[in-house]
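This report walks through one structure by way of a helix, its charged pairs, its nonpolar packing, its aromatic rings and its cysteines. Please keep the sequence and the model open alongside the text.

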Amino acid sequence: MRDNDLFQLALGITSPWFVASSGFDADKKRLDIQLDFKSGSRFDCPECKTAGCPVHDTVKKTWRHLDFFQHQAFLTARVPRITCTKCGVRLVTVPWARPNSGFTLLFEGFAMALAIHLPIAVAAERFLKITDKRLWRIVFHYVRAAVARMDLSGVTRVCIDETAAKRGHDYITLVVDIDGRRVVFVADGRSADTVRQFADHLEDRGGDASRIKQACIDMSPAFISGVTENLTEAEMTFDRFHVMKLLGDAVDDVRRAEVKARPELKGTRYVWTKNAPNLTAKQTSMLDTLSSTNLKTARAWRMRLTFQDIYAQPARAWGELFFDKWISWAKRSRLEPMKAVARTMEKHREGILAWFDSRISNGLIEGINSLVQAAKAKARGYRNSETLKAVTYMVAGKLDLKLPT
């Protein structure tokens, strides 16, 4: 079998295309394969699909292909421009590459497989021998196409939360389909408008904002407003992890005010705000000693633990009774941070107690945040939010990327 025939079989090239020649440069570690089409061939119009259009002229193009062992391989072809009676002169689409790409479909499929599992810079420079910018262009194409194909018709329960895009106050908002356990929307910022954008995104992909029956969010006015205005049928559940974080922050505010007079509190922040199973042996010993004292911080800590017990109540009626008694206790505590957090809790009473009916929290989205931040850390950050959004969809969106094989 001749080399050209072998390459034609390996590449899956079919009529009217054929391998015209090939050349290998050992010094440059490069294999070049020349493709051509049979004289007199006619092609379909890439726009209107009219069949049998005659060739007007040709344009020479080259694409990077999968490596031939350790050597880079390239395909070069005269690509016809056809004359269509409806569309005019148009460049045909070749079967081995997508339009406006300098890579073959098989190369792009391999590149995406690497990008899913490796930091982009590592996949690009170490394995593909291309710049990371070129790999990002491949990633953006396949991710955007997959997001456009999403079927969101069955989404009825969502979690909404933000994650840091970079240091400072730059955030992206994530919307997670609770039942599908997947990210279905990522947007810049964390405003009420991001919820409106999600509603539009949902409608464009077969979903219906009126079919969203439950939404788990934090107590930020922006998300509350966004859900109220755009997910009009959704019952809001305020995420229990955010509720407990507010309490932890209040306990720490008490500690910071008291530490000036009680130096034994210095360096004990996490002793009071972590849950017991997450404490080190040293922290546990320190907590055992300090919690039995008359410290204001110890009182605030006991209030935090007591509030946590609300979620252990067997039914909503018990939870409501427990909640109301805790609010009364906190307001009489003479600890300003605890009084302030009690007023916040009272204002958001229905959304906090809605947990007894929905039993949903942002625990799932927090796990996804961890995946996103881990990917960001491995890559030592991303240049902009577009790259972070693409990676978020890749690692947590369960996308059907329809990669070439």
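## Helix α7

In helix α7 of this predicted model, the buried residues are H242, V243, M244, L247, G248, A250, V251, D252, V254, R255 and E258. The helix runs over residues 240-258, and its 19 residues reach 27 Å from the first C-alpha to the last, which is close to the 27 Å expected at 1.5 Å a residue.

Helix α7 also holds a charged pair, since D252 and R256 both lie in α7, four residues apart, or about one turn of the helix. Their side chains meet in a salt bridge with an N to O distance of 3.4 Å. The two partners can be set side by side in terms of accessibility: D252 counts as buried at 8% relative accessibility, whereas R256 is partly exposed, with a relative accessible area of 46%.

## Salt bridges across the chain

The structure holds 28 salt bridges. One of them joins the side chains of E108 and R98, with 3.0 Å from N to O. E108 belongs to helix α2 (residues 105-117) and R98 to the loop between β5 (88-91) and α2, so this pair ties together parts that are 10 residues apart in sequence. Both E108 and R98 are buried.

A further salt bridge brings together the side chains of D188 and K389, at 3.2 Å from N to O. Because D188 lies in strand β8 (residues 182-188) and K389 in helix α16 (residues 385-396), the pair ties together parts that are 201 residues apart in sequence. D188 is partly exposed, its relative accessible area being 38%, while K389 is buried, with a relative accessible area of 12%. Elsewhere, salt bridges that share partners join R316, E320, D324, R349, E350 and D357 into one network.

## Nonpolar cores

The largest nonpolar core has 100 residues, of which L135, V139, F307, W326, M338 and M345 touch the most other members. The element that gives the most to this core is helix α4 (residues 132-148), which contributes nine residues.

M345 offers a view of the packing around one residue: leaving aside residues up to four places away in sequence, M345 touches M219, V243, L246, L247, F307, F323, I327 and I352. Of these contacts, V243 and L247 are also among the buried residues of helix α7. A second core, separate from the largest one, consists of 23 residues and includes I13, L75, V79 and W96.

## Aromatic pairs

How many aromatic pairs does a search of the whole structure find? The search finds 16. In one of them, the rings of W17 and F37 have centres 5.7 Å apart and planes at 75°, so the pair is edge-to-face. This pair links distant parts of the chain, with W17 in strand β1 (residues 17-25) and F37 in strand β2 (residues 30-37), 20 residues apart. Both rings belong to buried residues, for W17 has 6% relative accessibility and F37 has a relative accessible area of 8%.

W17 also pairs with F43, and here the arrangement is tilted, with 6.0 Å from centre to centre and 50° between the planes. This second pair again links distant parts of the chain, from W17 in strand β1 to F43 in the loop between β2 and β3 (55-68), 26 residues apart. F43 counts as buried, at 9% relative accessibility. A separate listing gives one aromatic cluster formed by F307, Y311, F323, W326, W355 and F356; of its members, F307 and W326 also appear among the residues that touch the most other members of the largest nonpolar core.

## Cysteines without disulfides

The structure holds zero disulfides. C53 is in no disulfide, and the nearest cysteine sulfur, that of C84, is 4.5 Å away. C53 is also buried, with a relative accessible area of 3%.

Why does C87 form no bond with C48? The sulfur of C87 is 3.7 Å from the closest cysteine sulfur, in C48, and this is too far for a bond, because a disulfide calls for sulfur atoms within 2.5 Å.

Note on methods: Residues numbered from 1 in each chain as written. Predicted model: local features only at pLDDT ≥ 70, side-chain atom pairs only at ≥ 80, totals over all residues. Heavy atoms only, no water. Buried < 20%, exposed > 50% of the residue type's maximum accessible area, 1.4 Å probe, protein only. Salt bridge = Lys/Arg side-chain N within 4 Å of Asp/Glu carboxyl O. Helix = DSSP H or I, 4+ residues; strand = E, 2+ residues; numbered from the N terminus. Expected span 1.5 Å × (residues − 1). Core = buried A, V, L, I, M, F, W, Y, C linked by side-chain atoms within 4.5 Å. Contact = heavy atoms within 4.5 Å. Phe/Tyr/Trp six-rings, centres within 6.5 Å; stacked < 30°, edge-to-face > 60°.
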